[in-house]
Amino acid sequence: MLTRFPATFLFAALAGFAGLTALASPASASLDVCNESASRVGVALGYYKADTWVSEGWWHLEGGQCAPVIESDLNARFYYLFAIDFDAGGGWSGYSTLCVAPGEFTIPGRTDCEARGHHTAGFMEVDTHNSPNWIVRLDEATRKRDPRPNLSSLIEGAR
């Protein structure tokens, strides 16, 4: 036997579904860093903005943790990343030099770091291929032994 539902029931069900759909938010764009190592790491980010280079840090990530370092659409193809492994030593680095400092920092410019009271670090280039969001994965296989021998003051300041 077929049972008919009143039109008000059907209308209420559709209205409820529409309300749930309206509450669902679209995925937000970002540059995320995922620490796939077992160690705690500190992450610094470099980028070009308004005709100047800027470096920022530190984001702290436990082993297995992911976090956004930019929480909006990415508006550049290239970003630069430097990370220190607090537990195993070494880190993730590259050939693009920018400034870093102990503790929380935002530093405009990428030259004369030491003369301005900062440290110079080699950042690795991250090519986002103009995607509005991107994930960088840090793992033991890509960790370098020592990104720079004299970063012990940064490690202490970044914890």
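The disulfide between C34 and C66 is right-handed, with 115° about the S-S bond. That is a good place to step into this structure, which is a predicted model. The two partners come from distant parts of the chain: C34 belongs to strand β1 (residues 31–35), while C66 belongs to strand β4 (residues 66–70), 32 residues apart. Their sulfur atoms lie 2.0 Å apart. As a reminder, a disulfide is a covalent bond between the sulfur atoms of two cysteines.

How do the two ends of this link sit with respect to the surface, buried or exposed? C34 has a relative accessible area of 4%, so it counts as buried. C66 reaches 44% relative accessibility and is therefore classed as partly exposed, since the partly exposed class runs between 20% and 50%.

The structure holds 2 disulfides, and we can now turn to the other. Here C99 is joined to C113, with an S to S distance of 2.0 Å. Because the torsion about the S-S bond of C99 and C113 is about -85°, this disulfide is left-handed. Once again distant parts of the chain are linked: C99 is in strand β7 (residues 96–100), and C113 is in the loop between β8 (105–108) and β9 (119–127), 14 residues apart. On this bridge C99 is buried, with a relative accessible area of 0%, and C113 is buried too, at 1% relative accessibility. If you count the bonded cysteines along the chain, the pattern of the disulfides reads 1-2, 3-4.

Next, let us look at the aromatic rings. A pair of aromatic rings is described by the distance of the centres and the angle of the planes. The structure holds 5 aromatic pairs. One of them is formed by W58 and F105, whose rings are 5.7 Å apart centre to centre with 80° between the planes, making the pair edge-to-face. W58 lies in strand β3 (residues 52–61) and F105 in strand β8, so this pair also links distant parts of the chain, 47 residues apart. Which side of the buried or exposed divide do these residues fall on? W58 is buried, at 11% relative accessibility, and F105 is buried as well, with a relative accessible area of 6%. Both residues also belong to a wider group, because ring pairs link W58, F82, F105 and F123 into a cluster.

Rings also meet charged side chains in this model. The charged end of R110 sits over the ring of W53, 4.5 Å from the ring centre. Likewise, the charged end of K144 is placed over the ring of Y95, at 5.8 Å from its centre.

Finally, we come to the empty space. Rolling a probe the size of a water molecule over the atoms shows where empty space is left. The largest pocket contains about 180 Å³ of space. Which residues line the largest pocket? They are Y47, Y48, K49, E56, I70, S72, D73, L74, N75, A76 and Y79. Strand β2 (residues 41–49) gives the most to this lining, with 3 residues. Sorted by class, the lining of the largest pocket has 6 nonpolar, 2 polar and 3 charged residues.

Definitions and conventions
Residues numbered from 1 in each chain as written. Predicted model: local features only at pLDDT ≥ 70, side-chain atom pairs only at ≥ 80, totals over all residues. Heavy atoms only, no water. Disulfide = S-S within 2.5 Å. Helix = DSSP H or I, 4+ residues; strand = E, 2+ residues; numbered from the N terminus. Buried < 20%, exposed > 50% of the residue type's maximum accessible area, 1.4 Å probe, protein only. 1 Å grid on protein atoms, 1.4 Å probe; cavity = no way out; pocket = protein on both sides within 12 Å on 5 of 7 lines; lining within 4 Å. Points joined across faces, edges and corners; volume = space filled by probe spheres on them. Nonpolar A, V, L, I, M, F, W, Y, C, P; charged D, E, K, R; others polar. Phe/Tyr/Trp six-rings, centres within 6.5 Å; stacked < 30°, edge-to-face > 60°. Lys NZ or Arg CZ within 6 Å of the ring centre and 35° of its normal.
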